[in-house]
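Student: Could we go through this structure together, step by step, with the sequence beside us?

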Amino acid sequence: MATVFQVYGTFYGTYDPETKRCYVLKRPVDDKVLIKHLKGARPYGVFLLIDDHIRAIAADFDRLDPDLVVQFVHHVQHYQIPAYVEVSKSKGFHVWIFFDERGVLAAKARMVIHHILQEIDCLDVEIFPKQDRLNSANQYGNYINAPLFGQLVSKGENRFR
């Protein structure tokens, strides 16, 4: 898991489960960070964008409509792209697509996801990362909470189906 959910930088996102306050920690992502996440001690949010490449992309369905997610996954698989459905922490689902170590251009991956969302007439789905590349004005991009946060998994949330 460390290779997929770990960025090359020395920062990651997190939030306080009680106050819901989100923030960036400028510390290295290491095995301890990931273990704390899995055990439920501190949530880990991954910044997927590395310059203009990604090793994972996620479609964030904020509606509790599993039929829409099934339809999206069916279309993704039609293009022979494996997809994994996660029950998100608050509502809805995340559909994850993982790439190999080299990654892919974020712009191309986002274009494919947009195309599939158009095919199923569902354009209100958020895509992570939200940008095609990092620049001086946008040094981090935005993070998405990694799956399998220990406190939530036991409640049936933040886990893969």
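Student: Which residue of strand 8 is the bridge partner of glutamate 86?

Tutor: Keep in mind that this is a predicted model. Strand 7, residues 84-87, pairs with strand 8, residues 93-98, in the antiparallel sense, and four bridges join the two. Looking in strand 8 for the partner of glutamate 86, we arrive at histidine 94.

Student: Which strands stand at the edges of the open sheet?

Tutor: The open sheet has five strands, paired antiparallel, and their order is 10-6-8-7-12. A strand at the edge has a single partner strand, so one side of it is left without a neighbour in the sheet. The strands to which this applies are strand 10 (126-128) and strand 12 (159-160).

Student: At about what angle does helix 2 run to strand 8?

Tutor: Helix 2 lies across strand 6 (56-61), strand 7 and strand 8. Its direction relative to strand 8 is given by an angle of about 15°.

Student: Why is helix 2 called oblique to helix 3?

Tutor: The axes of helix 2 (residues 66-78) and helix 3 (residues 106-119) come within 10 Å and cross at roughly 125°. Because angles of 65 to 115 degrees count as roughly perpendicular and those over 145 as roughly antiparallel, this crossing belongs to neither group, which makes helix 2 oblique to helix 3.

Student: Which residues of helix 3 make the contact with helix 2?

Tutor: The crossing of the two helices is right-handed. From helix 2, the contact involves Phe72, His75 and Val76. From helix 3, the residues are Ile113, Ile116, Leu117 and Glu119.

Conventions. Residues numbered from 1 in each chain as written. Predicted model: local features only at pLDDT ≥ 70, side-chain atom pairs only at ≥ 80, totals over all residues. Heavy atoms only, no water. Axes fitted to C-alpha atoms, helices over the stretch in contact; angles between N-to-C directions. Parallel < 35°, antiparallel > 145°, perpendicular 65-115°, else oblique. Left-handed = near helix turned anticlockwise from the far one by under 90°. Contact = heavy atoms within 4.5 Å. Pairing = 2+ DSSP bridges.
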